[in-house]
Amino acid sequence: MLQQKMPLDNLLLNAVSAVDPSCRQHSLSLKLMKDLPNLATNVISVEEREAYDLKVYRYHVAKLRQSEQKEPVDNWWVETKNSTRFPLLSRMACALLTCFHGPKVESSFSIMNSVITPGSNRLNVQSFDAIQTVKYELAAEKKTAAEFFLKGDFLHDPVDKNLCKNMRSACSSYRTEMV
């Protein structure tokens, strides 16, 4: 079941696995590392590609210290980057091993704290995104949903037609999804 659910045959994931120092000096690892610039096109420029390929060969035959069994891969690459021996490879490895963690991502988790519960683990990406957008907008306005949509005069204020249309389409999308 895990082999069907997980993207184990994903080319990018296979290629990224080659940056593990314990995979060094394997022919498959050499091939996968050479493919990395084709998969992560924003790290190594076209002009640097030939130098990158040469450094991949040199990296695989170089005598480097072995990584310790419990040592994180990113620590090993940061040390290699600081040695300035393989700058292009280090840049590629660090880019692939670094996860973005800016304020937008952090605030997303803070806002979504009340959405992700044991009962809501079946949310699809679109529903999660919609809830996040609404919660973010309400938080930015510093209002509750009732305050945000409160009308001054219920009898004479015009009806927001876009709001009604969006509510109908959301309801029909939800019903379609539940079938």
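**Exercise 1. Determine where Lys 31 and Asp 35 lie and how many residues apart they are.**

*Solution.* Step 1: Lys 31 and Asp 35 are both located in helix α3, 4 residues apart, about one turn of the helix. Helices are DSSP runs (H or I, at least four residues), numbered from the N terminus. The model is predicted: local features need pLDDT of at least 70, side-chain atom pairs count only at pLDDT 80 or more, and totals for chains, interfaces and linings use all residues. Residues are numbered from 1 along each chain as its sequence is written, and side-chain values use heavy atoms, with hydrogens and water left out.

Step 2: The two residues form a salt bridge, with the closest N and O atoms 3.2 Å apart. The term denotes a side-chain nitrogen of Lys or Arg within 4 Å of a carboxyl oxygen of Asp or Glu.

Step 3: Lys 31 is partly exposed at a relative accessible area of 48%, and Asp 35 is partly exposed at 22%. Buried means under 20% relative accessible area, exposed over 50%, and partly exposed in between (1.4 Å probe, protein chains only).

**Exercise 2. State how many salt bridges the rule yields, and describe the pairs of Arg 91 and Asp 53.**

*Solution.* Step 1: The count comes to 3 salt bridges.

Step 2: Arg 91 pairs with Glu 48 at 3.0 Å, N to O. This pair links distant parts of the chain, 43 residues apart: Arg 91 belongs to helix α6, and Glu 48 to the loop between α3 and α4. Arg 91 is partly exposed at 32%, as is Glu 48 at 23%.

Step 3: Asp 53 pairs with Arg 49, the closest N and O atoms being 3.3 Å apart. Both residues are in helix α4, 4 residues apart, and therefore about one helical turn separates them. Asp 53 counts as buried at 18% relative accessibility, whereas Arg 49 counts as partly exposed at 22%.

**Exercise 3. Identify which elements give two or more residues to the largest nonpolar core, and list the contacts of Tyr 59.**

*Solution.* Step 1: A nonpolar core is a set of buried Ala, Val, Leu, Ile, Met, Phe, Trp, Tyr and Cys residues joined through side-chain atoms within 4.5 Å. The largest one has 23 residues, of which Met 33, Leu 36, Tyr 52, Tyr 59, Trp 77, Leu 89 and Met 92 touch the most other members.

Step 2: The elements in question are α3 (27–39), α4 (49–61), α5 (73–82) and α6 (87–97). The largest share, 5 residues, comes from α6.

Step 3: Leaving aside neighbours within four places in sequence, Tyr 59 is in contact with Pro 21, Arg 24, Met 33, Leu 64, Trp 76, Trp 77, Phe 86 and Leu 89. Contact means heavy atoms within 4.5 Å.
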